[in-house]
Amino acid sequence: MPNSIFKYDSEITPQMVKVMLDGREISLPAEMSVAAGLLGQGEIISRISPSSKRACSPHCLMGVCYECIMEINGINRQACMTKVEEGMVINRHIDGSDFNGKYESTEKTEANVNYEMPKPLKEGEPS
Amino acid sequence: MSRHVDVIVVGAGPAGLSASSTLAEMGLDVVTLDEQPQLGGQIYRNIEKASPKSLHLFGEDYSSGLMIAERFRKSGADYENSTSVWQLDSDGTICCSSRAHSRQMRANHVIVATGAMERPVPIPGWTLPGVMGAGAVNNLTKESGLKPSGNVVLAGSGPLLLLEATLLIKKNVEIAAILDTTPLIPRVSAVPPAPKALMRTDFLLKGASMLKSIKDAGIPHHRGVKDICAIGTNCLESVQARCGKETITIPADLLMLHFGVIPNSHIFRQAGCRMAWKADQRYWHPACDQWGRTNFERIFAAGDGAMVSGGVSARYRGELTALEVSRCLGIISGHERDALAKPLKKALRHDGWPRPFVDAIYAPRPEQFSFDDATILCRCENVTVKDVRRAVREGARDLNEIKIMTRSGMGSCQGRMCGPALAEIAAAEISLSPDRLGLLNVRPPLRPVPLEEIAEMELETAKESSNWLLDNKK
């Protein structure tokens, strides 16, 4: 695990809220972005790049680089532009599970089956 | 039904806030859309909740934002945070997404004040965890009170790099080294604007005191550095660079890169605004008149998004744009506009005196960037410099051709991080100026939006909006 590269100013005692990070409960400071909150906790890895399969950390922290995309409450979002909220579910998929897990649930629901096998087009429908 | 307002302002930095305030104070119906959770843009980030300590640390450059924010809050402009504009049309229609809901909005005029971003310059290893923009660290300090720990190295060129170093010194962060890529011999073009810069002694003193505090802190400040390289396996471990004839290696946990700032111009390109190439600074910006009007009558550009000249200037330019917009809407006459603009233009000139000098000293030079074949250019799609060079050798002469051949610029950042360097690399291959290779096409949505959000949108009319996605929805 990489070293923690950020720490809080000693005078700041942020109010903490509970969130789920990769399936475990942790505390993050409220009133700041998810990316900043995680960096402050020593969690510098934001995701595994879907193209290079290597670990990334947030780069610009102003919404330009998209390196901090995480699955937050079920949607892939830029963590640097999303505020921490109590009970948030954050998945970074850094354990090697596939990143495009947005609509995947462990159960095979009807939607999932349809997703894997698209229905053939009916006649007359535009292709 | 989509909402119709007098003016939509995109962005809530110094330009956006000043423009909004000026217009709302005149009684106009103004909506200010900001993709950030808090107003202030990058320079005044988190200004409304800033601690006294933070205000003191960043000094007047930052605390002056308090007044701007306060004026904006009182002005009556409608502020919508966490709202990303993902499409702008030349007729003043925008589509935006906020809180997992997208909608359409119309305005007589749209003022785009999207500000600037750090110029992304790929170096070997810049995708390693632990390599960040210097602006990113600045943002973290303003927003969260976080400061770097461990071995910190700053690398790049520009006044903001030195400013960031002095801020870190004030916060007692130990800086292992500053690797300054600014060439040792200033350009000849820095000589003519020098006398004008001397008229702003306050400005020059600020620069001198920055250099002094770096020197007093005993930080190794290497100048004329080349070939910066981030090294590590799973994360950053050290930084290597060539300094004269010797190669230096510095152990590092955090590498902060900064190579100047360029306008954040994606939205203008998507709307189809005519873009102009600023040859000395090597960036594209929307072509505008003195009030910020683009080639579209309803679309205006204000602040650093129109051309980079800093936060103070952005504030004045936001106000100038607002004056012209209010004239267009019949609130003030041309004569009144000119009278109100006079002091603003004077202040703008005063602020701008040192600018050409500083710009000339830190102007990017093509020979400064020696891109290595193995370096990853496009972070999203993992495209290397070599891939681009090969595409050019195979005959590609337009950035969009290279994009199709290599996928550089096709990832989630939509070419924001690779576009400028892509142009530099390809142009160098065929000894042309980067502007001769065109610009990467930018299409809506400007931000990734879930399809279900677009499917749920209520659209007013299906008039030709030249948007495949929206036109074919029904």
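Biologist: How many aromatic pairs are there over all chains?
Modeller: The count comes to three over all chains, where rings of Phe, Tyr and Trp (its six-membered ring) pair if their centres lie within 6.5 Å. This is a predicted model, in which local features need pLDDT of at least 70, side-chain atom pairs count only at pLDDT 80 or more, and totals for chains, interfaces and linings use all residues. Side-chain values use heavy atoms, without hydrogens and water.

Biologist: What about B:F72 and B:Y79: stacked or edge-to-face?
Modeller: Their ring centres are 5.8 Å apart and their planes stand at 90°, so the pair is edge-to-face; planes under 30 degrees apart count as stacked, over 60 as edge-to-face and the rest as tilted.

Biologist: And are these two buried or exposed?
Modeller: B:F72 is buried, at 1% relative accessible area, and B:Y79 counts as buried at 16%. Buried means under 20%, exposed over 50% and partly exposed in between (1.4 Å probe, protein chains only).

Biologist: Changing topic: how much area is buried between domain 1 and domain 3 of chain B?
Modeller: About 630 Å², with carbon and sulfur atoms giving 60%; this is the accessible area (1.4 Å probe) that the two parts lose on being put together, summed over both.

Biologist: Which three residues supply most on the domain 1 side?
Modeller: B:H266, B:W277 and B:R282 supply 65% of the area that domain 1 of chain B buries against domain 3 of chain B.

Biologist: Which residue forms a salt bridge with B:R282?
Modeller: B:E424 does, with the closest N and O atoms 2.9 Å apart. The rule asks for a side-chain nitrogen of Lys or Arg within 4 Å of a carboxyl oxygen of Asp or Glu.

How values were computed
Residues are numbered from 1 along each chain as its sequence is written. Chains are lettered from A and ligands numbered from 1 in the order in which they are written.
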